[in-house]
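Grab a pencil and work through these exercises. Try each task yourself, then go through the solution step by step.

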Amino acid sequence: MKTLARLGILSALAAFTPSLAFAHSGGAHVHGFFAGLEHPLLDMDHLLAMVAVGMIGARAAGRSFVLVPLFFVSAMVAGALLGMAGIGLPSLETGIALSLVVFGAIVGLARPLPLAAATALTALFGLFHGNAHGLEIPESAGGIAYAAGFMLGTSMLHAIGALSVFKFARWPMMVRTAGLATSLVGLAMAAQTF
């Protein structure tokens, strides 16, 4: 019950302070490995999306456990490279907010996706997440270290999401509630982009 209360509080906070959910405010904070490692852990949109990607991979079972997060990270790197080249995707923040809505709905509905659909969706939204951060990363050693830390932090969150599906297998409503809360946060963020 405590977890459900915490998820409700998180959703309410996101709804009442949606401008705080956008962590893509420019490149001044982007420097070094540890800054990259901590960013996914402290950035609400990234944290929720990455845990959900891990959950989606674990729910689909088999090779999806590894392939879904791998496709996301690969697309995230591609999006970051586009951003570092100065190419920004259209409706960037909307795409990130929609990733939370879609990922949360997939987890909340508890219907595993076929591997092709799961990898395609995660790759699509991985481009948006990566592009937002690629636009911020400076072309320096600090920027490269930041990107390495960011990828490691992202992968750790994928693992946490996947492991939580197994850990809470006896309490499927807990996982579903986390998915629905993620969708609510995404809806609150999406409302701010329109």
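**Exercise 1.** Does F33 count as buried, partly exposed or exposed, and what is its relative accessibility?

*Solution.*
- Start with the cut-offs: under 20% relative accessible area is buried, over 50% is exposed, and anything in between is partly exposed.
- F33 has a relative accessibility of 31%, so it counts as partly exposed.
- As for its place, F33 sits in helix α2.

**Exercise 2.** Find the nonpolar patch on the surface and say which residues form it.

*Solution.*
- The patch is made of F33, F34, L41, L42, L152 and M156.
- Together these residues have about 590 Å² of accessible area.
- Next, look at where they come from: α2 (33-42) and α7 (141-167) each supply at least two of the residues.
- The most generous helix is α2, which gives four residues to the patch.

**Exercise 3.** This is a predicted model, so check how far you can lean on it. Which helix has the lowest confidence, and which has the highest?

*Solution.*
- Begin with the whole protein chain: its mean pLDDT is 83, and 82% of the residues reach 70 or more.
- The low end is helix α1 (residues 2-16), with a mean of 49.
- At the high end you'll find helix α5 (residues 92-109), with a mean of 94.
- Watch residues 10-28 too: pLDDT stays under 50 there, and the model has 33 contacts for them beyond four places in sequence.

**Exercise 4.** How many helices and how many strands does the protein chain have?

*Solution.*
- Count them up and you get eight helices and zero strands.
- Going along the sequence, that reads α-α-α-α-α-α-α-α.
- For the chain overall, 46% of the 194 residues are buried.
- The accessible surface is about 9200 Å², and carbon and sulfur atoms account for 75% of it.
- Now take the contacts with a separation of 6 or more: 85% of them join residues 24 or more positions apart.

**Exercise 5.** Test the length of α5: what should its 18 residues span at 1.5 Å a residue?

*Solution.*
- The expected span uses one less than the number of residues, times 1.5 Å.
- For the 18 residues of α5 that gives 26 Å, and the end C-alpha atoms are 26 Å apart, so the two agree.
- Then look at cover: 14 of the 18 residues are buried, so α5 is largely enclosed by the rest of the structure.
- Just after α5, A110 has a positive phi of about 55°.

**Exercise 6.** Repeat the check for α3: how far does this helix reach from its first C-alpha to its last?

*Solution.*
- Helix α3 (residues 44-60) has 17 residues and reaches 24 Å, close to the expected 24 Å.
- It's mostly covered, with 13 of the 17 residues of α3 buried.
- Just after α3 comes A61, with a positive phi of about 60°.

**Exercise 7.** Zoom in on H46 in helix α3. Is H46 buried or exposed?

*Solution.*
- Its relative accessibility is 0%, so H46 counts as buried.
- Skipping neighbours within four places in sequence, H46 is in contact with P40, M76, H129, F150, T154 and L157.
- Now measure to L100: H46 and L100 are 54 residues apart in sequence, and their C-alpha atoms are 8.8 Å apart in space.

**Exercise 8.** Which residues does S164 contact, leaving aside neighbours within four places in sequence?

*Solution.*
- First place S164: you'll find this residue in helix α7.
- With a relative accessible area of 11%, S164 is buried.
- The contacts of S164 beyond those neighbours are with M55 and V175.

Note on methods:
Residues are numbered from 1 along each chain as its sequence is written. This is a predicted model: local features need pLDDT of at least 70, side-chain atom pairs count only at pLDDT 80 or more; totals for chains, interfaces and linings use all residues. Side-chain values use heavy atoms; hydrogens and water are left out. Patches are made of residues with over 30% relative accessible area and no salt bridge: like charges are joined within 9 Å, nonpolar side chains (Val, Leu, Ile, Met, Phe, Trp, Tyr) within 5 Å. Accessible areas come from the Shrake-Rupley method with a 1.4 Å probe; for residues, only the protein chains shown count as cover. A salt bridge is a side-chain nitrogen of Lys or Arg within 4 Å of a carboxyl oxygen of Asp or Glu. Buried means under 20% relative accessible area, exposed over 50%, partly exposed in between (1.4 Å probe, protein chains only). pLDDT is the predictor's confidence in each residue, from 0 to 100. Contact means heavy atoms within 4.5 Å.
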